[in-house]
Amino acid sequence: MCTAATYKTKDFYFGRTLDYEFSYGDQIVITPRNYSFHFRHVGDMKNHYAIIGMAHVAENYPLYYDAMNEKGVAMAGLNFVGNAVYSEVQPDMENIAQFEFIPWILSQCASLAEVRKLLNRINIVNTPFSEQLPLAQLHWIIADENESITVESMSDGLHIYDNPVGVLTNNPPFPQQMFQLNNYMYLSPKQPKNTFGGNLALDAYSRGMGGLGLPGDLSSSSRFVRVAFTKVNAISGESEEESVSQFFHILGSVDQQRGCCEVTDGKYEITLYTSCCNVIKGIYYYNTYENHQISAVDMHAENLESNKLICYPVIQGERINYQNK
Ligand SMILES: C[C@H](CCC(=O)NCCS(=O)(=O)O)[C@H]1CC[C@H]2[C@@H]3CC[C@@H]4C[C@H](O)CC[C@]4(C)[C@H]3C[C@H](O)[C@]12C
């Protein structure tokens, strides 16, 4: 399971948790403007916007899980198992393999308006990257500071939904996730009033009772409601530190601890990493299951005119700040 969210203060923030039982071997990867992208069905793109995000690099190709570009557009792929269906190659369409979708959008779109235009001509196709890396069944959230959308390629075609809450998890399809929020419209960060009836002397005996009923489990639909409630009520200062800190707290509401979600005998899904992009400044922040310290890679500290991928390893291992030795 994974969860993605957007957050706006002075700048615009976008990120995700990546929950799984093993890592594919990921790095923070910057694709500079002159790295030549080879697209399987639409040819080469020799220059484009620079991109930074978390990716698995195979054959010198950045297989992004989540990323942003230098123009302020961000995007993440999340599991959509059993629902994602990709098409065959079709004439007169822009045939983009599922693993090329993030590079295709982020290399050439400076806003969601431009993303929507590209999506009019796109056909997301079922060409696998390789035998070792077959198709991943995903859906995507794409956002800029003004709006978010969800893209789902299903057996009945490509769906593009406005995403007014700016969050995404996994199954079921997005319209059902949004619909279930109706069931929770009574939730509130304020203390409840006694409307039970019968003149019973009921008491709000604990803080936080306005949120009673907010689902606490790790299922995808529960995480959707929980992160949506947390995000829309989250308040922080506008500074970079306060915003980034708050963003990690928002996604922390759906953090997965080892042992609580068994996927096969003795294998547990955990939050492998959490990312937070400052989409305006091009800074990629992250922490991992084993390292709670926030690390960051700033794309503008690199030579973005280069033609070679720039990779930073994911820093692992807790770094404990001893105060008295
Ligand atoms: C496993 C992750 C989803 C985690 C998640 O959502 N877990 C919930 C489980 S569940 O929802 O409960 O079932 C997804 C998210 C992005 C994916 C990569 C995208 C690029 C590339 C595409 C290629 O085609 C195949 C290899 C490739 C490296 C992909 C590997 C893997 O698939 C990644 C990491």
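Glu70 counts as buried in this predicted model, because its relative accessibility is 19%, under the 20% limit. Its partner in a salt bridge is Arg33, with the closest N and O atoms 2.7 Å apart. Glu70 sits in the loop between strands S7 and S8, while Arg33 belongs to the loop between S3 and S4, so the pair ties together parts that are 37 residues apart in sequence. Arg33 itself, at 23% relative accessibility, counts as partly exposed.

Let us follow the charges further. Glu147 and Arg116 also meet through their side chains in a salt bridge, at 2.7 Å from N to O. Here a loop between strands S11 and S12 holds Glu147 and helix H2 holds Arg116, so this pair links parts 31 residues apart in sequence. Both ends are partly exposed: Glu147 has a relative accessibility of 29%, and Arg116 has 28%. Returning to Arg33 and Glu70, salt bridges with shared partners join them and Glu305 into one network.

How many salt bridges does a search of the whole structure find? There are nine. One of them pairs Asp11 with Lys281, whose closest N and O atoms are 2.5 Å apart. Asp11 is in the loop between S1 and S2 and Lys281 in the loop between S17 and S18, so the bridge ties together parts that are 270 residues apart in sequence. Asp11 counts as buried at 9% relative accessibility, whereas Lys281 counts as partly exposed at 36%.

Now meet a charged residue without such a partner. Glu269, in the loop between strands S16 and S17, is buried yet has no salt bridge. The nearest side chain of opposite charge, that of Arg223, is 5.5 Å away, and a salt bridge needs the atoms within 4 Å. Glu269 does have a polar contact of 3.2 Å with the side chain of Gln256.

Next comes helix H5, residues 240-252. Its 13 residues should span 18 Å at 1.5 Å a residue, and the end C-alpha atoms are indeed 18 Å apart. Among its buried residues are Val244, Phe247, Phe248 and Leu251. The buried residues of H5 pack against helix H4 and strands S1, S2, S17, S18 and S19.

Finally, look at the nonpolar interior. The largest nonpolar core has 49 residues, and Ile28, Ile52, Met54 and Tyr284 have the most contacts inside it. Residues that Ile28 touches include Ile52, Met54, Tyr284 and Val297. A second, separate core of 42 residues includes Leu63, Val73, Ile105 and Phe129.

Terms used. Residues are numbered from 1 along each chain as its sequence is written. This is a predicted model: local features need pLDDT of at least 70, side-chain atom pairs count only at pLDDT 80 or more; totals for chains, interfaces and linings use all residues. Side-chain values use heavy atoms; hydrogens and water are left out. Helices (H or I, at least four residues) and strands (E, at least two) are DSSP runs, numbered from the N terminus. The expected span of a helix is 1.5 Å times one less than its number of residues. Buried means under 20% relative accessible area, exposed over 50%, partly exposed in between (1.4 Å probe, protein chains only). Contact means heavy atoms within 4.5 Å. Lys and Arg count as positive and Asp and Glu as negative; His and the chain ends are not counted. A polar contact is a pair of N or O atoms within 3.5 Å; within protein, one must be able to donate a hydrogen and the other to accept it, and residues adjacent in sequence count only if both atoms are side-chain atoms. A nonpolar core is a set of buried Ala, Val, Leu, Ile, Met, Phe, Trp, Tyr and Cys residues joined through side-chain atoms within 4.5 Å. Lists of a residue's contacts leave out its neighbours within four places in sequence.
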